[in-house]
Amino acid sequence: MEYYGTLGPACCKTEILKEMLENGMTGIRLNLSHKSLKESEAWIQNYFSAADTMQCSPGFMIDLMGPELRIGQLEEDIELRIGEKIVLGEEGIPVPKEIFLQLTSGQMVLLDDGKIQIKAREKVSEEGWTFEIVRGGTLTSKKSIALPGCQVESPTLTKQDLANLMQAKEYGVTDVMLPFVRGKKDLICLREVLNEYDCSNIRIFAKIENLDGIRHLEELLDYCDYIVIARGDLGNAIPLPKLPCAQDYIADICRKNKKKFLVVTQMLNSMIQNPFPTRAEVSDIYQAIKQGASAVMLTGETAQGKYPAEAMKTLWETGKAAEEYLNRYKKSPAAV
């Protein structure tokens with residue numbers, strides 16, 4: 001099993017990273033939607049310093065922007081309240097212009113992994129629409145945008161992705177995670193760029209976050225090292241009650257084809273605020289491993305949470321208990 005944390009302000013100090021490695025972490029993810037490799041250099045140095053102290057060689061994964069739609073740079077955070085109106089686009093909140101080709105009145109738009117929900121009301125210009133806030137919250141820069149049921153065309157790799165990939169070897173990157181994979185062409189594109197930058201040894205993790213990814217799942221298997229069941233945006237693309245079914249389906253396809261897969265998103269979400277997990281969360285980790293996952297990952301729990309080292313310890317201990325039980329008793333209920 002591989003156990004990943006996510007690098008962020010809550011765990012960027014060498015002593016915390018060392019404790020996370022001591023607690024079972026085998027690799028760490030850096031989300032490049034918010035900071036570039038160059039901008040994260042101090043954090044990265046601290047990570048490898050902690051690894052040197054531990055005399056180990058953990059993985060270093062970068063999570064690209066990919067064909068994901070995001071809010072642009074805001075001058076300040078915006079508080080969105082239910083029933084109010086906002087403008088996206090010209091003279092409003094900056095968003096990629098591609099979304100306006102898909103908008104019709106009544107179209108729901110999900111922001112920040114679905115935490116905020118808005119409804120399209122009226123077109124005010126070729127690149128501007130008014131929206132009504134259906135579910136409010138605080139909107140910050142670079143948060144995700146999803147249009148359920150719509151197919152928005154965008155390139156596989158952004159200019160920022162290409163710049164980061166050019167520096168991947170220099171920064172010791174071992175794994176690359178590509179968001180919103182739509183088909184094998186996205187993975188072929190990424191592999192060609194990695195080969196061009198002398199990074200053919202870097203593993204590719206294909207994130208399944210939309211309906212295209214599910215539909216084309218089997219064609220992806222030969223073009224990546226891992227499938228990633230990325231439950232955040234996948235839970236926006238399909239009705240949330242069906243998300244466990246989608247996870248089981250993806251896991252089943254991966255098992256049948258002997259393809260490794262990773263499960264991520266809110267595995268220990270309560271530990272962002274609390275030093276201990278819920279019963280449901282440890283059961284979720286167990287279920288992922290029972291389904292055949294070769295890796296599990298924490299995101300906000302380590303990047304922003306109050307207890308990054310404790311969260312990693314919980315992930316590892318629960319994973320080890322699941323492995324030992326499943327290996328020893330072959331899933332027999334009598335083992336309890």
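Visitor: Which residues lie nearest the centre of the second largest pocket, and how many residues line it?

Guide: In this predicted model, the lining of the second largest pocket is made up of 22 residues, and those nearest its centre are Leu147, Cys150, Gln151, Phe180 and Asn210. The volume of this pocket is about 440 Å³.

Visitor: Which elements supply at least two residues each to the lining of the second largest pocket?

Guide: Strand 11 (144-146), helix 5 (211-215) and helix 7 (231-237) each do so, and by class the lining holds 11 nonpolar, 5 polar and 6 charged residues.

Visitor: Why is strand 2 called largely enclosed by the rest of the structure?

Guide: A residue counts as buried when its relative accessible area is under 20%, and 5 of the 5 residues of strand 2 (residues 27-31) are buried, so the strand is largely enclosed by the rest of the structure. Gly27, Arg29 and Asn31 point one way from the strand, while Ile28 and Leu30 point the other way, and all are buried.

Visitor: How do you know that strand 2 pairs with strand 3?

Guide: Two strands pair if at least two bridges are found between them, and strand 2 and strand 3 (residues 59-63) have 5 bridges, in the parallel sense. One of the bridge partners is Gly59 in strand 3, which is matched with Gly27. Strand 1 (residues 2-6) also pairs with strand 2 in the parallel sense, over 3 bridges, and there Ile28 is the bridge partner of Gly5.

Visitor: What makes the connection from strand 1 to strand 2 a β-α-β crossover?

Guide: The chain leaves strand 1, passes through helix 1 (residues 14-22) and reaches strand 2, in a crossover that is right-handed.

Terms used: Residues are numbered from 1 along each chain as its sequence is written. This is a predicted model: local features need pLDDT of at least 70, side-chain atom pairs count only at pLDDT 80 or more; totals for chains, interfaces and linings use all residues. Side-chain values use heavy atoms; hydrogens and water are left out. On a 1 Å grid over the protein atoms alone, a cavity is a set of points where a 1.4 Å probe fits but cannot get out, and a pocket is an open set with protein on both sides within 12 Å along at least five of seven lines; lining residues have an atom within 4 Å of a point. Grid points are joined across faces, edges and corners, and a volume is the space filled by probe spheres set on the points. Helices (H or I, at least four residues) and strands (E, at least two) are DSSP runs, numbered from the N terminus. Ala, Val, Leu, Ile, Met, Phe, Trp, Tyr, Cys and Pro count as nonpolar, Asp, Glu, Lys and Arg as charged, and the others, Gly among them, as polar. Buried means under 20% relative accessible area, exposed over 50%, partly exposed in between (1.4 Å probe, protein chains only). A crossover is right-handed if, with the strands pointing away from the viewer, the path from the first strand over the helix to the second runs clockwise.
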